[in-house]
Amino acid sequence: MATGGTKLHVIGLDRHGEKDGLPRACANIRWQLHRRHHRPTWRRLASPLPNLASFGASSAGRQAVDQALAAEVWDAVVFDSIMSGWALGSVLRQRHRARKLVYLAHNCETIAARRIADDTRGVRWLARRLDAAKTAVLERRLLGAADFVTADSPDDCETLAPFTTAKKVSYVPAGYDGPRVSRRTITERLPRRAIIVGSFDWLAKRESLERFLEAATARLTAARVDLQVVGSAEPHYLDGLRRRYPSVDFVGPVADVLPYMAAARIALVPDLLGGFKLKGLDYVFNRLPILSMRGSLPGMPLEDRRSYGLFDTHVSLVEGILSHIDSLDTLNAYHQRAFDACAKTFDWSQIGRQLIADIFRS
């Protein structure tokens with residue numbers, strides 16, 4: 001959006017020291033990031049905010065929002081996903097300082113939270129049902145307060161639209177501005193390896209990952225297929241996974257994920273929930289053939305059994321890995337067709353300019 005001429009003041013969460021590596025070249029962006037405050041469980045349960053929103057909440061963040069609103073009148077205040085919902089109260093108290101409120105939905109969060117709760121048993125079920133109720137309240141508040149709402153998958157646009165004032169949610173896909181591998185041939189010299197890339201801070205992603213690991217680890221180990229998981233998560237969480245699944249290579253966060261993707265034959269999307277997956281674009285443009293759970297890559301112009309493989313359960317996904325890992329012609333055809341299908345879409349600059357136009361036309 002900044003390259004399209006918009007001046008941005010970004011207030012958000014610095015989870016892992018990102019503010020030290022933020023791009024400084026763009027004069028149109030002012031970054032104001034704060035560190036996460038870890039809260040005891042009882043405080044999270046007592047908070048009216050769901051876990052997703054409380055994750056990024058802090059007194060420093062609220063103070064930054066209050067000061068920004070007091071300093072000037074803004075053409076738009078943008079809430080980027082429900083995780084930024086901690087700021088909604090501050091913004092509504094100074095609603096006259098923003099000409100428009102915009103909500104960029106990354107998911108239908110109420111459905112996601114309820115599915116997580118339904119898959120849980122015991123005391124944790126009660127906590128997650130409570131969190132699902134909080135999620136529903138905050139999501140409805142954001143949808144009801146916003147003058148303009150977007151979602152990053154067509155299905156979510158349809159699901160969320162009835163809860164907005166305009167009864168409409170605009171489809172705005174994610175973009176990609178990373179490296180594009182011009183040519184790649186998967187051969188027998190590559191390790192018989194499947195890779196999962198992503199961030200595992202969100203509870204729903206952890207649930208999906210753990211359920212996949214339960215289904216996959218023993219069978220892949222027996223078949224001498226390597227499984228590698230690359231991406232950020234809290235150290236104690238990764239340590240726990242390493243103890244439970246010693247045959248899996250949990251790499252953790254890395255400065256450059258490209259060498260890891262280049263050393264794998266298959267990329268996996270074991271997620272059980274929809275919403276656009278940025279890692280899908282990483283896979284496609286680095287020419288990694290994708291095997292995915294059905295419904296986990298909405299908004300991507302891919303075809304089952306032509307440009308990727310879709311599976312209904314984690315067990316069938318494991319079977320797909322075993323049947324594809326040595327089918328090199330199929331894997332090379334998948335990544336070539338996927339690259340061709342996505343090559344002329346997902347441009348961040350074009351998406352940003354269109355979003356600017358849509359916000360101020362609404």
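Which residue in strand 5 is the bridge partner of Leu104? The partner is Thr150, and the points below work outward from that pairing to the rest of the chain.

1. Basis of the note. The model is a predicted one, in which local features need pLDDT of at least 70 and side-chain atom pairs count only at pLDDT 80 or more, whereas totals for chains, interfaces and linings use all residues. Residues are numbered from 1 along each chain as its sequence is written, and side-chain values use heavy atoms, with hydrogens and water left out.

2. Overall dimensions. The protein contains 14 helices and 12 strands, where helices (H or I, at least four residues) and strands (E, at least two) are DSSP runs numbered from the N terminus. The C-alpha trace spans about 60 × 50 × 40 Å along its principal axes. The radius of gyration, taken over C-alpha atoms, is 21 Å, which agrees with the value near 21 Å for a compact globule of 362 residues; the globule rule is 2.2 Å times the number of residues to the power 0.38.

3. Burial and contacts overall. Of the 362 residues, 50% count as buried, a term that means under 20% relative accessible area, with exposed set at over 50% and partly exposed in between (1.4 Å probe, protein chains only). Contact means heavy atoms within 4.5 Å, and among contacts with a separation of 6 or more, residues 24 or more positions apart account for 66%.

4. The sheet of 4 strands. The strands of this open sheet follow the order 3-4-5-6 with parallel pairing, two strands being paired if DSSP finds at least two bridges between them. Strand 3 (77-80) and strand 6 (170-171) are the edge strands, each pairing on one side only. Strand 4 and strand 5 run parallel and are joined by 4 bridges, and the pair named at the outset, Leu104 and Thr150, belongs to this junction.

5. Helix 14 and the chain start. Helix 14 (residues 348-361) has 14 residues and reaches 20 Å from its first C-alpha to its last, close to the expected 20 Å, the expectation being 1.5 Å times one less than the number of residues. Its buried residues are Ile351, Gly352, Leu355, Ile356, Asp358 and Ile359, and these pack against strand 4 (101-105) and strand 5 (148-151). Gly4, in the segment before strand 1 (8-14), is partly exposed, with a relative accessible area of 38%. Leaving aside residues up to four places away in sequence, Gly4 touches Arg353 and Ile356, and its C-alpha atom is separated by 9.1 Å from that of Gln354, 350 residues apart along the chain.

6. The sheet of 6 strands. This open sheet has the order 9-8-7-10-11-12, and its pairing is parallel. Strand 9 (249-252) and strand 12 (309-311) stand at the edges with a single partner strand each, so one side of each is left without a neighbour in the sheet. The twist averages 25° from one strand to the next, with axes fitted as lines to C-alpha atoms (for helices over the stretch in contact) and angles running from 0 to 180 degrees between N-to-C directions.

7. The two edges of that sheet. Strand 8 (residues 226-230) pairs with strand 9 in the parallel sense over 3 bridges, and Gln228 has Asp249 of strand 9 as its bridge partner. Strand 9 has a covered face, Phe250 and Gly252, and an uncovered one, Asp249 and Val251. At the other edge, strand 11 (residues 290-293) and strand 12 pair in the parallel sense over 3 bridges, and Met293 stands opposite Phe311. Ser292, also in strand 11, counts as buried at 0% relative accessibility; not counting residues up to four places away in sequence, Ser292 touches Val269, Leu297, Gly309, Leu310, Phe311 and Leu317.

8. Helix 13. With 15 residues, helix 13 (residues 328-342) reaches 21 Å from its first C-alpha to its last, close to the 21 Å expected. Leu328, Leu331, Asn332, Tyr334, His335, Ala338, Phe339 and Cys342 are buried in helix 13. These residues cover an arc of only 155° around the axis, which puts them on the same side of helix 13, the arc being that of the directions from the helix axis to the C-beta atoms. The buried residues pack against strand 10 (266-269), helix 11 (278-285), strand 11, strand 12 and helix 12 (314-324).
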